[in-house]
Amino acid sequence: MSTITVADGSEIATYRRLFDEKYAEVEALLADLPAPALRWKPFEQSPWQGTSNPLGQIIAHAISSTVYLLRMAEYAAGKCEWEAVDGDEGREEFGPANHDPAYLRARVQRTQAFVHQFLDGLSEADLAQSRAHPRRAGRVITVRYSIGHAIEHLSQHIGHAQLTRQLWALADA
């Protein structure tokens, strides 16, 4: 993993710091978490927004969507074709392996390594790139938006996971 100093104020370094902070939060969520907690959900059905998701699924989606959105940025920068735009585990995003805390922690580490590799391969000029969406007429995918969306989406799901873990801890107490 690359390291940066606080003095490095470049946009790419800022993205790296933000992602590293978010990934540290995910690591903290998974610390000392038993397998049953990954399958636990606070309720089955709510009158607002329907069903809830188990903690493992929330975390799996958070990291998979991060990879997906950064691959969209790669597409926008002309570094890959649309067919390569997918999450880290494709259709297996919510597979039963995610019920194992050790597997999920390893997956978090793999996706963080992907984030670093992505940022290491990005130039300041790449940030301004954009490309037409291949399937949605009139929609343009930009590198900056895709990166920002990845950070925002990851943050949102970390918040969901933190609340779910707190509720699990209360239910387990």
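This report walks through the nonpolar core, one helix, the cavity and the largest pocket of a predicted model.

## The nonpolar core

Let's start inside. The largest nonpolar core takes in 43 residues, and Phe19 and Ile147 have the most contacts within it. Two or more residues of this core come from each of α1 (11-30), α2 (35-39), α3, α4 (101-120) and α5. The largest share belongs to α3, which puts in 12 residues.

What does phenylalanine 19 touch, once neighbours within four places in sequence are set aside? Its contacts are Thr66, Leu70, Val115, Leu119, Ile147, Ala150, Ile151 and Leu154. Ile147, the other residue named for the most contacts inside the core, is on that list too.

## A closer look at α3

α3 runs over residues 55-76, and it's mostly covered, with 18 of its 22 residues buried. After the helix comes glycine 78, with a positive phi near 80 degrees.

How far apart are the end C-alpha atoms of α3? They sit 32 Å apart. With 22 residues at 1.5 Å a residue, α3 should span 32 Å, so the model agrees with the expected figure.

## The enclosed cavity

If you roll a probe the size of a water molecule over the atoms, you find out where empty space is left. For cavities of 30 Å³ or more, the count here is 1. The largest cavity holds about 30 Å³ of space.

Its lining is made of Val26, Leu29, Ile59, Ala62, Ile63, His157, Ile158 and Ala161. Helices α1, α3 and α5 are the elements that give two or more residues to this lining. By class, you get 7 nonpolar residues, 1 polar residue and no charged ones around the cavity.

## The largest pocket

Now for the open space. The largest pocket offers about 470 Å³. Its lining counts 18 residues, and the ones nearest the pocket centre are Phe43, Thr51, Ser52, Asn53 and His160.

Which elements supply at least two residues each to this lining? They are α3 and α5 (143-172). The biggest contribution comes from α5, at 5 residues.

What about the chemistry of the pocket wall? The lining splits into 7 nonpolar and 11 polar residues, with no charged residues. The lining of the largest cavity likewise has no charged residues. Helices α3 and α5 turn up in both places: each gives at least two residues to the pocket lining, and each gives two or more to the cavity lining.

Definitions and conventions: Residues are numbered from 1 along each chain as its sequence is written. This is a predicted model: local features need pLDDT of at least 70, side-chain atom pairs count only at pLDDT 80 or more; totals for chains, interfaces and linings use all residues. Side-chain values use heavy atoms; hydrogens and water are left out. On a 1 Å grid over the protein atoms alone, a cavity is a set of points where a 1.4 Å probe fits but cannot get out, and a pocket is an open set with protein on both sides within 12 Å along at least five of seven lines; lining residues have an atom within 4 Å of a point. Grid points are joined across faces, edges and corners, and a volume is the space filled by probe spheres set on the points. Helices (H or I, at least four residues) and strands (E, at least two) are DSSP runs, numbered from the N terminus. Ala, Val, Leu, Ile, Met, Phe, Trp, Tyr, Cys and Pro count as nonpolar, Asp, Glu, Lys and Arg as charged, and the others, Gly among them, as polar. A nonpolar core is a set of buried Ala, Val, Leu, Ile, Met, Phe, Trp, Tyr and Cys residues joined through side-chain atoms within 4.5 Å. Buried means under 20% relative accessible area, exposed over 50%, partly exposed in between (1.4 Å probe, protein chains only). Contact means heavy atoms within 4.5 Å. The expected span of a helix is 1.5 Å times one less than its number of residues.
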